[in-house]
Amino acid sequence: MERLIINGLLILFQQFDSISLEVGVMPEESQRDVVFCCEAAFTANIMEEFDHDNINGHHVCDGEYFLGSPSRLWSDNSGAFVYTPKEGWMFSDKPELDVHRAEGVKGGMAFMQHLIIHNGEYQNVPWSRKPEDMFVYRALCSYYGRLCIIQSEDKIRYDDFERSLMKTGVSEALYLDMCDRWNYAWGRSQEGVLEYLFKENKEKNIYTTNWITFRKK
């Protein structure tokens, strides 16, 4: 991972060849082709066993389309991220339409989430959590054309996170599920050394359901 800190944001760039949506079991550190993975779509309910119906919103895994769980609030699934090996990656403000771009495509993936910024414009989509809550927030972003993961360095209010993303010049931002049961993530440095985000919460990571996963051959 290449790291950059600006405006109180930690920006993580991945050197990758493909992106997948892994479900059910988080990628293992022994998978040498995985360079980064973290929780993507919301999980609807605390469940002991995995079910695609427990992932919030329509999603695609290796070309296979799943309906997922209905959104708790319409704002939760206001956007989508889509990737196919041929077309590359895109952010969408028409999630129910565009997730189908990956359907039936080998290596295609897509998931729905809360859209923060699209085409450089703040989306002003109502946030369904308490505005006064202080958390470390994370988003999948496009920063000057480079796909990256961005999270706040410290706990902040959500609207301050939005403002920091806009100030930094992010053109696309799609929220990624967080809080202490969902924020554990891991990746590799450019030298291949394992690096962690919220490693102290790894054992709480038992109810997570899906992970955006970057791979390099």
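Me: Ground rule before the hairpin: two strands pair if DSSP finds at least two bridges between them. How many bridges do E17 and E18 have?

Reply: This is a predicted model, to begin with. In it, strand E17 (residues 185-188) and strand E18 (residues 194-197) are joined by four bridges, in the antiparallel sense.

Me: Which residue in E18 is the bridge partner of Ala-185?

Reply: Leu-197 is the bridge partner of Ala-185.

Me: And how many residues sit between the strands of that hairpin?

Reply: Five residues lie between E17 and E18, and in this hairpin Gly-192 has a positive phi near 90 degrees.

Me: Which residues other than glycine have a positive phi?

Reply: Asn-119, with phi near 50 degrees, is one of them. Asn-124, with phi near 55 degrees, is another.

Me: Where does Asn-119 lie?

Reply: Asn-119 is in the loop that runs between E10 and strand E11 (121-122). Asn-124 belongs to the loop between E11 and strand E12 (134-135).

Me: Is Asn-119 buried or exposed?

Reply: Asn-119 is exposed, because its relative accessible area is 58%, over the 50% cut-off. Asn-124 also counts as exposed, at 55% relative accessibility.

Me: Moving on to the sheet. What is the strand order in the open one with five strands?

Reply: The order is E6-E5-E9-E7-E8, and the pairing is antiparallel.

Me: Which strands are at the edges?

Reply: Strand E6 (64-66) and strand E8 (88-92) are the edge strands, each pairing on one side only. From one strand to the next, the twist averages 20 degrees.

Me: How many bridges join E5 to E9?

Reply: Two bridges connect strand E5 (residues 59-61) with strand E9 (residues 109-113), and these strands run antiparallel. Val-60 has Ala-110 as its bridge partner in E9.

Me: Now the packing. Which residues touch the most other members in the largest nonpolar core?

Reply: Phe-81, Phe-111, Leu-140, Leu-165 and Ile-212 do, in a core of 51 residues. Strand E2 (residues 9-13) contributes the most to this core, with five residues.

Me: Any other core? Which residues are in it?

Reply: Another core, of seven residues, lies apart from the largest one and includes Val-60, Val-82, Ala-102 and Ala-110. Val-60 and Ala-110 are also the bridge partners across E5 and E9.

Me: Back to Phe-81. What does Phe-81 touch, not counting residues up to four places away in sequence?

Reply: On that count, the contacts of Phe-81 include Ile-19, Trp-89, Met-90, Phe-91, Met-109, Ala-110 and Phe-111. Leu-140, Leu-147, Leu-174 and Ile-212 are also among them.

Me: Now polar residues. Is His-118 buried or exposed?

Reply: His-118 sits in strand E10 (residues 115-118). With a relative accessible area of 10%, His-118 is buried, because buried means under 20%.

Me: Which side chain makes a polar contact with the side chain of His-118?

Reply: The side chain of Glu-172 does, at 2.8 Å. Leaving aside neighbours within four places in sequence, the contacts of His-118 are Phe-91, Ser-92, Asp-93, Gln-123, Ser-171 and Glu-172.

Me: How about Asp-98, where is that found?

Reply: Asp-98 belongs to helix H1 (residues 95-98). Asp-98 is buried, with 8% relative accessible area.

Me: What does the side chain of Asp-98 have a polar contact with?

Reply: With the side chain of Arg-101, at 2.9 Å. Not counting residues up to four places away in sequence, Asp-98 touches Val-82, Met-90 and Ser-92. Val-82 is among the members of the core of seven residues.

Me: Last topic, cysteines. How many disulfides does the structure hold?

Reply: Zero. Cys-38, for one, is in no disulfide, and its nearest cysteine sulfur, in Cys-37, is 7.5 Å away. Cys-38 counts as buried, at 0% relative accessibility.

Me: Why is there no bond between Cys-148 and Cys-141?

Reply: Because the sulfur of Cys-148 is 5.3 Å from that of Cys-141, its closest cysteine sulfur, which is too far for a bond. The cut-off is 2.5 Å between cysteine sulfur atoms. Cys-148 is also buried, at 0% relative accessibility.

Me: And how far is the C-alpha of Cys-141 from that of His-118?

Reply: The separation is 9.7 Å, with the two residues 23 apart along the chain.

Conventions. Residues are numbered from 1 along each chain as its sequence is written. This is a predicted model: local features need pLDDT of at least 70, side-chain atom pairs count only at pLDDT 80 or more; totals for chains, interfaces and linings use all residues. Side-chain values use heavy atoms; hydrogens and water are left out. Buried means under 20% relative accessible area, exposed over 50%, partly exposed in between (1.4 Å probe, protein chains only). A polar contact is a pair of N or O atoms within 3.5 Å; within protein, one must be able to donate a hydrogen and the other to accept it, and residues adjacent in sequence count only if both atoms are side-chain atoms. Contact means heavy atoms within 4.5 Å. Axes are lines fitted to C-alpha atoms, for helices over the stretch in contact, and angles run from 0 to 180 degrees between N-to-C directions. A nonpolar core is a set of buried Ala, Val, Leu, Ile, Met, Phe, Trp, Tyr and Cys residues joined through side-chain atoms within 4.5 Å.
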